[in-house]
Amino acid sequence: MATPACSRSLMSAFKRLKITPQTASVRTQVRYVHETPRNAATASEPRQPSKADLVSEIQHRASQIRLPKAVQATYLAPLRRTPTHDIPCVDLQLRSYSVRNLEVYADFAMRAAYYLGLPAKGPSPLRRIVERWTVPRSNFVHKKSQENFERRTLRRWIRIVDGHPETVNIWLAYLRKHQYYGVGMKANVYENTSLDAAKAMDHEAEEAVRAANELVNAFHPGTNDAAHAEDLLFDQQFKGAYGALSAMGGAQRVPDVRNRMPRMPVNTAEEIEEEKEAFQAAQRNRK
């Protein structure tokens, strides 16, 4: 029995229809696999810093350290004291053939003057001294072959003003003690005295006369005369006693050989007593 046409169309439509069953979607997961070290203790330790890291760390920490003021001052210009009266005390001239040694020592002198409380001026450059020599390299037929030499002396000038004489002497002694190699010094010291200089000179003259009289009395007791002291200095026996008539004595005129070293006369007991009484009488008259 044949099927109706309506049912055949429905069956053919059903056959053409493709029904796919619902299947779960598969998701792929990629995992990164790390190789684990054999020794687990070494994997937990921190990485050792390199040499460059250590150097940078040390430089960073050193830059944060504050240097002492005395060390910082060496990188700056020397400090100076302000003068009050501008009275010169000493002029110091430094000379050297090397500009490096000269600049270093001049800077040292300025710093020493500041710490001693001395107002200083300079260092001012002075005129350079240039010396030249021409000498022959050889003699005889080669004497026309000559060689030239030149020496240049550099100088610096430092002046100390308004300083105490004792402090100035301490400054000069300190510079001589720590003198830099290859640097020479020449100092002109100025001393100021009071207005009573004439009285001081008279007092010094009186002291010199008194010391001369004591020296004369030591050789000839009872004698207190400057004229007699002058005669005594030119006396031949007196010269021979202290060696002025010897070969290297330095005498202006040397007597003959027989009188060059005369014998000193020996006083008798009576003459000694007379000299003693005369000396005692002179002492009583002086009192």
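In this predicted model, W171 makes contacts with a set of residues from well beyond its own stretch of the chain: leaving out residues up to four places away in sequence, W171 touches V90, L92, A109, A112, A113, L116, L118, I158 and I160. W171 also belongs to the largest nonpolar core, which has 21 residues, and is listed with L94, I158, I160 and V168 as having the most contacts inside that core. Four elements each give two or more residues to the core, namely β1 (88–96), α5 (99–115), β4 (146–161) and α6 (165–177). Of these, α5 supplies the largest share, with seven residues. As general background, nonpolar side chains in soluble globular proteins tend to be buried together.

Helix α5 deserves a further look through one of its residues, M110. Is M110 buried or exposed? Its relative accessible area is 3%, and with buried meaning under 20%, M110 is therefore counted as buried. Once neighbours within four places in sequence are set aside, the contacts of M110 are P78, L79, R80, A120, G122, P123 and I158. One of these partners, P123, sits 13 residues from M110 along the chain, and the C-alpha atoms of the two are 7.9 Å apart. I158 is a partner of M110 and is likewise touched by W171.

Strand β1 is the next element to consider. Seven of its nine residues are buried, so β1 is largely enclosed by the rest of the structure. How do the strands β1 and β4 run, parallel or antiparallel? They are antiparallel and are joined by eight bridges, with R95 standing opposite R155 in β4. Strand β1 is also joined to β5 (residues 183–189), again in an antiparallel arrangement, through seven bridges. In this second pairing, S96 stands opposite V183 of β5.

The pairing of β1 with β4 is accompanied by a charged contact. The side chains of D91 and R159 form a salt bridge, with an N to O distance of 2.7 Å. This pair links distant parts of the chain, since D91 lies in β1 and R159 in β4, 68 residues apart. D91 is buried, at 8% relative accessible area, whereas R159 is partly exposed, at 23%. In general terms, side chains of opposite charge can pair when their charged atoms come close.

How many salt bridges does the model contain? The count comes to ten. Besides D91 and R159, R137 forms a salt bridge with E147, and here the closest N and O atoms are 3.9 Å apart. R137 is placed in the loop between β3 (129–136) and β4, while E147 is in β4 itself, ten residues away. The relative accessibility of R137 is 56%; the limit for exposed is over 50%, so R137 counts as exposed. Its partner E147 is partly exposed, with a relative accessible area of 32%.

A salt bridge within a single helix is found between E207 and R210, whose closest N and O atoms are 2.7 Å apart. Both residues lie in α7 (residues 197–219), and their spacing of three residues is about one turn of the helix. E207 is partly exposed at 32% relative accessible area, and R210 also counts as partly exposed, at 42%. Elsewhere, R132, E150 and R152 are linked in a network of salt bridges.

Nonpolar side chains are found at the surface as well. L67, V71, Y75 and L76 make a nonpolar surface patch of about 430 Å². L67 is located in the loop between α3 (51–63) and α4 (69–73). With a relative accessibility of 40%, L67 counts as partly exposed.

Some overall values place these details in context. The secondary structure consists of ten helices and five strands. Of the 287 residues, 16% count as buried. The protein exposes about 24500 Å², and carbon and sulfur atoms supply 55% of that area. Among contacts with a separation of 6 or more, 70% are between residues 24 or more positions apart. The salt bridge between D91 and R159 is one example of a link across a long stretch of sequence, with its two residues 68 apart.

Terms used: Residues are numbered from 1 along each chain as its sequence is written. This is a predicted model: local features need pLDDT of at least 70, side-chain atom pairs count only at pLDDT 80 or more; totals for chains, interfaces and linings use all residues. Side-chain values use heavy atoms; hydrogens and water are left out. A nonpolar core is a set of buried Ala, Val, Leu, Ile, Met, Phe, Trp, Tyr and Cys residues joined through side-chain atoms within 4.5 Å. Buried means under 20% relative accessible area, exposed over 50%, partly exposed in between (1.4 Å probe, protein chains only). Contact means heavy atoms within 4.5 Å. Patches are made of residues with over 30% relative accessible area and no salt bridge: like charges are joined within 9 Å, nonpolar side chains (Val, Leu, Ile, Met, Phe, Trp, Tyr) within 5 Å. Accessible areas come from the Shrake-Rupley method with a 1.4 Å probe; for residues, only the protein chains shown count as cover. A salt bridge is a side-chain nitrogen of Lys or Arg within 4 Å of a carboxyl oxygen of Asp or Glu. Two strands pair if DSSP finds at least two bridges between them.
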